[in-house]
Amino acid sequence: MNGANLVDLVDALGRWASGRGPLYLLLAARLRALIDDGVLPPGEQLPPDRVLARRLAVGRGTVVAAYDLLQQEGRVLRRQGSGTRVAALDLPATRTADGVPANPLLQHILHPPDGVQLLTCAAPDDPPDAMFEAYAEAGARLYGTFDLGYQPAGAPALRAALAAYYTGRGVPTSPEEIIVTTGAQQALTLLTGLLLAPGDTVMAETPTYPGALEVFRHAAAVVKPAESIEDVRGRPALAYFVPTARNPDGAIMDNPSRRRLAALAAAHDVPLIDDEVCAELCFSGETPPPLAWFGRGEQVITIGSMSKLVWGGLRVGWIRAAAPLVSRLARLRAVHDLGGEVFSQLAAAALLRRLEEVRAARVRTLRERHDHLCAELRARLPSWSFEPALGGQTIWVRVPRGDVDSFSQVALRHGVAVPPGRSFDPLGGHADRMRLHFLFRPDELSRAVNNLAAAWASYDGADRAVSRHPLIV
């Protein structure tokens, strides 16, 4: 698209204002989609605030607010005197075989760069033998079955297994309170589609999981950072917390804070998502109670997944919630895909029966690699600071100068892709932080740190243009 062609942009925006919610959020959502789909390529000059506002018949403040929101997300760059441009990409934009632009947020997954160690994707790539044995068991169970396999709420066997799992953790649960999803990301997407309208406020921790922030933003919601759990008093439409082995820093919320958070959600009638994707990866060997244990009302919604505990490609997640909400979610999911893949769900049910075995092995490996990464960072990059994780797969690292957005460009040239901290902040803060995972084998972790050290030695700390980054999981 020609940056000077205002008519083309207005045509591409289409019926952007036809949804519900503040106009600036609706405009930002449509521009975001055009940027992420490659219709507005990196470097594209966007129309001045006043020009676009006049053409769209809205106030200038609407366009300014939309541009400012996209700047916080790193999708555009605004500078006085040079206007507003689409932010640069870490990697060249590519097109699929059918000519459709690839979403730049997915570049490192769809088109992994050659010779680059990806510290952007924190999911295990070494499935245990138990997973293959679980699939064999699932195959035997399916043999001779005459069933369409369409289960929008999930395979009954897995729903029953998950209900038993939560009951065993002190939260009485029935299968009707479980819906199975294609990973926790779909769980977030379904909940967002059902509980949020454009312009609604979501309260989220900072730092937090960037995949959740993207889902909320694409729903045209306003994401605000929760400086403390007391912020739930503000009656947001939804609250999102990761109290156990938090992505990105591996922190664990203490029980008094969990109790207070659940009580506030109940008192103010705020739906509260408890993201437990990494909950079984605590280095202590003990899994803290879910927030639902402290708040037995209908406000607490728990999500989980097999992708961090077992294997990234095992796309089985779930939601534990009140039965009426689960029923509504199942109807919504049926519209999208009629239900998930049953074979993997039966394998997941078999894996749940071996949870202690699988968890012990995974946690042992993670703890060893965590300690190795920490030792390497202290030896090779002593000016960087971080707190050891209490669980999960990642640590949260601070650099003493410059910002990680610009450093990540240097690191990429040295063969390492790192996710900047700004992606983990609802308001685009934490520019001096990065998340590093410790899923690689020790020799690979050592090589990654060596490359980061070489990149740091050549980094001058200069402030450069903000760029968008690949999908972070």
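Which helices and strands do the buried residues of H9 pack against? The views below take this up after a look at the whole chain.

This is a predicted model, in which local features need pLDDT of at least 70 and side-chain atom pairs count only at pLDDT 80 or more, while totals for chains, interfaces and linings use all residues. Residues are numbered from 1 along each chain as its sequence is written, and side-chain values use heavy atoms, with hydrogens and water left out.

**View 1. The whole chain comes to 16 helices and 17 strands.** Helices (H or I, at least four residues) and strands (E, at least two) are DSSP runs, numbered from the N terminus. The radius of gyration is 23 Å, close to the 23 Å that the globule rule gives for 473 residues, so the chain is as compact as a globular protein of that length. That radius is taken over C-alpha atoms, and the rule is 2.2 Å times the number of residues to the power 0.38. Along its principal axes, the C-alpha trace spans about 65 × 55 × 50 Å.

**View 2. Of the 473 residues, 55% count as buried.** Buried means under 20% relative accessible area (1.4 Å probe, protein chains only). Take contacts (heavy atoms within 4.5 Å). Among those between residues at least 6 apart in sequence, 75% join residues at least 24 apart.

**View 3. Helix H9 covers residues 210–218 and is largely enclosed by the rest of the structure, because eight of its nine residues are buried.** The buried residues are Pro-210, Gly-211, Ala-212, Leu-213, Glu-214, Val-215, Phe-216 and Arg-217. They pack against two helices and three strands: helix H2 (23–36), helix H8 (183–195), strand E7 (201–204), strand E8 (222–225) and strand E9 (238–241). Just after H9 comes Ala-220, with a positive phi of about 60°.

**View 4. The structure holds zero disulfides.** A disulfide is a pair of cysteine sulfur atoms within 2.5 Å. Cys-282 is in none; its nearest cysteine sulfur belongs to Cys-278, 9.1 Å away. Cys-282 is buried, with a relative accessible area of 2%. Cys-374 is in no disulfide either, and the nearest cysteine sulfur, that of Cys-278, is 16 Å away. Cys-374 counts as buried, at 2% relative accessibility.

Definitions and conventions. Buried < 20%, exposed > 50% of the residue type's maximum accessible area, 1.4 Å probe, protein only.
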